[in-house]
Every structure is written in structure tokens, then in C-alpha cells.
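Please examine the sequence and the model shown below. The paragraphs that follow lead from single residues to the arrangement of the chain.

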Amino acid sequence: PPCSVRDDLQRRDQTSSTVCHLGATGAAKTIALFGDSHAQMWMPTILRMARRDGWQVVPFVKVGCVPTKWLHTKDWGCTVWYQWALGRAAQLHPQVTLIAASWADDPHPTTAVHAVSAMIGRAKRFSASTIVIGDSPHQHRMPADCLLSSGATMRTCAAKASLSELQ
């Protein structure tokens with residue numbers, strides 16, 4: 001059967017999955033999408049762009065497998081999946097590797113940033129370009145509530161990234 005956008009939603013203990021080619025399947029240009037549920041969240045927009053611009057998208061997405069679990073962690077399934085996904089992505093030699101994963105609310109953001117940096121280094125070996133879609137800084141107030149308050153400005157309502165989020 002053909003692949004679907006939801007084929008990458010795996011059980012926690014799975015360490016590999018079906019490798020699907022989505023978007024403009026068979027196109028000469030390839031995007032390897034790598035990440036967790038945040039990558040899954042971006043999928044409709046990425047696929048719309050890919051079909052419009054003639055790119056195939058190969059997702060390597062494991063929901064719940066956040067960057068802090070990619071490198072040598074107690075979450076064996078996630079670490080093994082990460083190594084498997086990197087190997088499969090390397091075989092594709094994509095023009096673009098797109099990384100979209102959750103780390104803004106991570107209790108150990110420097111560990112997550114280190115894992116994303118390591119992923120960038122690995123992807124540079126097999127991909128012409130590497131792009132990271134990062135989380136926005138944590139909002140302390142609901143944006144609409146802030147903007148509707150007296151004297152509100154973008155400066156007073158915009159979130160600021162912490163030092164660890166910027167590393």
C-alpha cells in the first residue's frame with residue numbers, strides 16, 4: 001500500500017519504520033525531514049510547498065523522541081531509532097535536511113541544543129543544506145491577552161529566548 005503522512009507515527013519501542021516518499025514523489029530534489037511531533041506538525045505545510053515546488057519529502061519522525069533522547073540515553077528505542085534514521089537519511093543524499101523538534105520547554109535545554117548541533121554536524125556530511133526549525137521562546141502570558149492590555153507593544157508582549165535556548 002502507498003505511504004501516508006501518518007506512517008511515521010510509531011510505537012515507543014519501534015526502532016525503525018517504513019521509509020515514505022511524499023510530496024512530489026520521484027522528484028530529483030529531496031528533503032529529509034527529521035524530528036519528533038514538531039516535525040509532524042509542520043508536515044502539511046512542508047508537503048504543500050514540496051508539491052508546489054517539485055520536491056519529494058522523506059520524513060524520519062518519531063513522536064516523543066525529542067533531541068535530549070537522541071544521544072546515548074536511557075530511552076533505548078529513541079537512541080536506536082535516531083541512529084537508524086541518520087543512516088537511512090545519509091543513503092538518500094538529500095539536497096536539504098530539515099530538523100524540526102521540541103526543546104523550548106525541555107528541563108535540560110543545553111542537552112537538547114547539543115543534540116541538535118550534533119545532528120547538524122552529521123547532516124552536513126550527507127546533505128547539501130541543513131535547516132533547523134526551532135521552537136519559539138516560552139511565552140509567559142497568552143499573546144492575545146498581552147496585546148489587548150493597556151499600553152501593549154510588541155516589545156512588551158514578545159517572548160525573549162533564554163541564554164540556554166540561544167546556545
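M41 is exposed, with a relative accessible area of 53%. In this predicted model, M41 belongs to helix α1, which covers residues 37-53. Although 59 residues separate M41 from A100 in sequence, the C-alpha atoms of M41 and A100 are 9.1 Å apart in space. A100 is itself part of strand β4, which covers residues 96-100.

Such a link across the sequence may be set against the chain as a whole. Among the contacts in the protein chain with a separation of 6 or more, 76% join residues that are 24 or more positions apart. The chain has 167 residues, and buried residues make up 40% of them. It contains six helices and five strands. Read from the N terminus, the order of these elements is β-β-α-β-α-β-α-β-α-α-α.

Strand β4 also holds T97. Is T97 buried or exposed? T97 has a relative accessible area of 1%, and it is therefore buried, since the cut-off for a buried residue is under 20%. Leaving out residues up to four places away in sequence, T97 touches A32, M119, A123, F126, S127, S129, T130 and I131. One of these partners, M119, lies in helix α3, which spans residues 109-124.

Helix α3 in turn meets helix α2, which spans residues 76-92. Two packed helices are described by the angle between their axes and the distance between the axes. Here the axes of α2 and α3 come within 10 Å and cross at roughly 25 degrees. Because angles under 35 degrees count as roughly parallel, α2 is roughly parallel to α3. The crossing of α2 past α3 is right-handed. Which residues meet where α2 and α3 are in contact? From α2 come Y82, Q83 and L86, and from α3 come A118, M119 and R122. Sorted by class, the residues of this contact are four nonpolar, one polar and one charged. M119 thus appears both in the contact with α2 and among the residues that T97 touches.

Helix α2 also contains T79. With a relative accessibility of 12%, T79 counts as buried. When neighbours within four places in sequence are set aside, T79 is in contact with K69, W70, L71, H72 and T73.

Beyond α2, the loop between α2 and β4 includes H93. H93 has a positive phi of about 50 degrees, although H93 is not a glycine. The relative accessibility of H93 is 53%, and H93 therefore counts as exposed, the cut-off being over 50%.

The remaining topic is the pairing of charges. Side chains of opposite charge can pair when their charged atoms come close. How many salt bridges does a search of the whole structure find? The search finds one. It is formed by D53 and R52, whose closest N and O atoms are 2.8 Å apart. Of this pair, R52 counts as exposed at 64% relative accessibility, whereas D53 is partly exposed, with a relative accessible area of 33%. D53 and R52 fall within residues 37-53, the span of helix α1, and the description thereby returns to the helix that holds M41.

Terms used:
Residues are numbered from 1 along each chain as its sequence is written. This is a predicted model: local features need pLDDT of at least 70, side-chain atom pairs count only at pLDDT 80 or more; totals for chains, interfaces and linings use all residues. Side-chain values use heavy atoms; hydrogens and water are left out. Axes are lines fitted to C-alpha atoms, for helices over the stretch in contact, and angles run from 0 to 180 degrees between N-to-C directions. Helices (H or I, at least four residues) and strands (E, at least two) are DSSP runs, numbered from the N terminus. Angles under 35 degrees count as roughly parallel, over 145 as roughly antiparallel, 65 to 115 as roughly perpendicular and the rest as oblique. A crossing is left-handed if the near helix is turned anticlockwise from the far one by less than a right angle, and right-handed if clockwise. Contact means heavy atoms within 4.5 Å. Ala, Val, Leu, Ile, Met, Phe, Trp, Tyr, Cys and Pro count as nonpolar, Asp, Glu, Lys and Arg as charged, and the others, Gly among them, as polar. A salt bridge is a side-chain nitrogen of Lys or Arg within 4 Å of a carboxyl oxygen of Asp or Glu. Buried means under 20% relative accessible area, exposed over 50%, partly exposed in between (1.4 Å probe, protein chains only).
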